[in-house]
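I opened this entry to keep track of what I looked up, in the order I looked it up. The structure goes in below, and my notes follow.

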Amino acid sequence: MLRHAEAAGDGGGVEMVAASAAPLQVALPAAAACVAAGSEHCAAVLLDGRIFTWGWGEHGMLGVGDTHSRWQPQGVAFGGESVGQCRVVACGAGFTVCA
């Protein structure tokens with residue numbers, strides 16, 4: 001599991017990632033119907049079909065239009081729509097798929 005924390009004493013607001021042996025709660029805007037974990041990122045499908053991703057984004061697998069990592073869940077839009085587009089999600093090494 002990964003957790004994020006403010007880098008101590010750097011003053012620049014840089015996020016650090018550290019390992020955690022205990023499960024961590026993730027703040028989603030509503031209840032999740034499906035959650036998946038890849039090698040370094042995660043995704044959740046909410047009951048209304050919206051999908052949220054977070055974690056390492058180097059290969060663009062978060063689906064938010066860039067290759068930046070995000071340590072808090074970010075909504076993913078499909079063709080400008082964000083509701084009802086996904087029922088199940090799967091994550092792997094460098095990719096995310098939903099159906």
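How many helices and how many strands does the protein chain have? I found zero helices and eight strands. I note here that the model is a predicted one. Read along the sequence, the pattern is β-β-β-β-β-β-β-β.

Entry on the whole chain. The protein chain has 99 residues, and 25% of them count as buried. I looked up the exposed surface next: about 5800 Å², with 55% of it supplied by carbon and sulfur atoms. For contacts between residues at least 6 apart in sequence, I noted that 31% join residues at least 24 apart.

Entry on the last two strands in my list. I looked at strand β7, residues 89-92, and strand β8, residues 95-98. Do they run parallel or antiparallel? They run antiparallel, and four bridges join them. I wrote down two of the facing pairs: A90 stands opposite V97, and C91 has T96 as its bridge partner. β7 and β8 form a hairpin, with two residues between them. In the turn I checked G94, which has a positive phi of about 90°.

Entry on H41. I placed H41 in strand β4, which covers residues 41-46. Is H41 buried or exposed? H41 counts as buried because its relative accessibility is 1%, and the cut-off for buried is under 20%. I then listed what H41 touches, leaving out residues up to four places away in sequence. The list includes W54, W56, M61 and L62. From the hairpin, the list also has C91, G92, F95 and T96 among its members. With T96 there is a polar contact, side chain to side chain, at 2.7 Å. So T96 turned up twice in my notes: as the bridge partner of C91, and as the polar partner of H41.

Entry on the cysteines. How many disulfides does the structure hold? I found zero. C34 is in no disulfide, and its nearest cysteine sulfur, that of C86, is 7.4 Å away. C34 counts as buried, because its relative accessibility is 14%. Why is C42 not bonded to C91? The closest cysteine sulfur to that of C42 is in C91, and at 6.6 Å it is too far for a bond; a disulfide needs the two sulfur atoms within 2.5 Å. C42 has 23% relative accessibility, so I recorded C42 as partly exposed.

Note on methods. Residues are numbered from 1 along each chain as its sequence is written. This is a predicted model: local features need pLDDT of at least 70, side-chain atom pairs count only at pLDDT 80 or more; totals for chains, interfaces and linings use all residues. Side-chain values use heavy atoms; hydrogens and water are left out. Two strands pair if DSSP finds at least two bridges between them. Buried means under 20% relative accessible area, exposed over 50%, partly exposed in between (1.4 Å probe, protein chains only). A polar contact is a pair of N or O atoms within 3.5 Å; within protein, one must be able to donate a hydrogen and the other to accept it, and residues adjacent in sequence count only if both atoms are side-chain atoms. Contact means heavy atoms within 4.5 Å. Accessible areas come from the Shrake-Rupley method with a 1.4 Å probe; for residues, only the protein chains shown count as cover.
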